Amino acid sequence: AWKPGKSFWWLAAVLALAAALRLVAIYYGLPAVFNSDEPFVVDVAVSFGAGTLNPLLFKYPTLWMYLLFASYGVYFLLWSGLGLLRTVRQFGQLFAWHPGGFFLIGRLLAAAVSLLGCERVYRTGKLLWGDRAGLLAAAFLAVSPALVLSSHSVKMDQCVFFLAAWSLWFAVRHLEEGRDRDLLLCGLAAGLSVAAQYPS
């Protein structure tokens, strides 16, 4: 039977700390929004529900907005009882009059992908230099002010971090093991990160 080792518990502690920092005050300001980019991102994601996936305005790439749209689809299914209790029109009215839940879902999604990115950085560090290096790298990112702060907004920064972490993981694994598949996956993850945020 599998028994968790010391490194498992250390990683769990690092991720628990990261989660706590990302979730504390995540509801801050709602239903008012003080980050000027959040309404744009959420509005575009919700607009996809009108039947077109064309955002019409390309201020930002759309990958993150498509992920938000999918999460809002799950929200609708749960909120509406699979469409049996409430309609899509009522869902639109919910967004118009009580948008706080939509922003909160986006912030929770940002926090979740940030945690997954920290986990992948741990795996990469472990593969390169051992368990301690992986834990140290993940711990630094767990408490990184930039990552923690951007986890509290519905923006694409955490999605870019997640995809970049996976791209690095595949690149290192290709160098270590020489599998061409990992090189292709590295390129895919890097390409998707550009589909989430324009390089600056």
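Buried here means under 20% relative accessible area. Keep that cut-off in mind while selecting residues in this predicted model.

**Stop 1: R173 and D182**

Select R173 and D182. Both residues are buried, and they form a salt bridge in which the closest N and O atoms are 2.8 Å apart. Now add E177 and R179 to the selection: together with R173 and D182, these residues are linked in a network of salt bridges. The structure as a whole holds eight salt bridges, and the next two stops show others.

**Stop 2: E38 and R107**

Go to E38 and display R107 with it. Their side chains meet in a salt bridge, at 3.0 Å from N to O. E38 belongs to helix 2 (residues 37–47) and R107 to helix 5 (residues 100–129), so this pair ties together parts that are 69 residues apart in sequence. Is E38 buried or exposed? E38 is buried, as is R107.

**Stop 3: E119 and R123**

Stay on helix 5 and select R123 and E119, which lie four residues apart in that helix, a separation of about one helical turn. The two form a salt bridge, with 2.7 Å between the closest N and O atoms. Colour them by accessibility: E119 has a relative accessible area of 16% and is therefore buried, while R123, at 32%, counts as partly exposed.

**Stop 4: the second largest pocket**

Return to E38 and R107, since both appear in the lining of the second largest pocket. Select the other lining residues too: V24, A25, I26, Y28, F34, N35, L149, S150, H152 and S153. The space in this pocket is about 240 Å³. By class, its lining comprises six nonpolar, four polar and two charged residues.

**Stop 5: the largest pocket**

Finish at the largest pocket, which has a volume of about 320 Å³. Which residues should be selected to find the ones closest to its centre? Of the 15 that line the pocket, these are V46, G49, F69, V88 and F91. Then show helix 2, helix 3 (63–79) and helix 4 (88–97), the elements that give two or more residues to the lining. Helix 2 is also the helix that holds E38 from the second stop. Colouring the lining by class gives 10 nonpolar, four polar and one charged residues.

Definitions and conventions: Residues are numbered from 1 along each chain as its sequence is written. This is a predicted model: local features need pLDDT of at least 70, side-chain atom pairs count only at pLDDT 80 or more; totals for chains, interfaces and linings use all residues. Side-chain values use heavy atoms; hydrogens and water are left out. A salt bridge is a side-chain nitrogen of Lys or Arg within 4 Å of a carboxyl oxygen of Asp or Glu. Buried means under 20% relative accessible area, exposed over 50%, partly exposed in between (1.4 Å probe, protein chains only). On a 1 Å grid over the protein atoms alone, a cavity is a set of points where a 1.4 Å probe fits but cannot get out, and a pocket is an open set with protein on both sides within 12 Å along at least five of seven lines; lining residues have an atom within 4 Å of a point. Grid points are joined across faces, edges and corners, and a volume is the space filled by probe spheres set on the points. Ala, Val, Leu, Ile, Met, Phe, Trp, Tyr, Cys and Pro count as nonpolar, Asp, Glu, Lys and Arg as charged, and the others, Gly among them, as polar.
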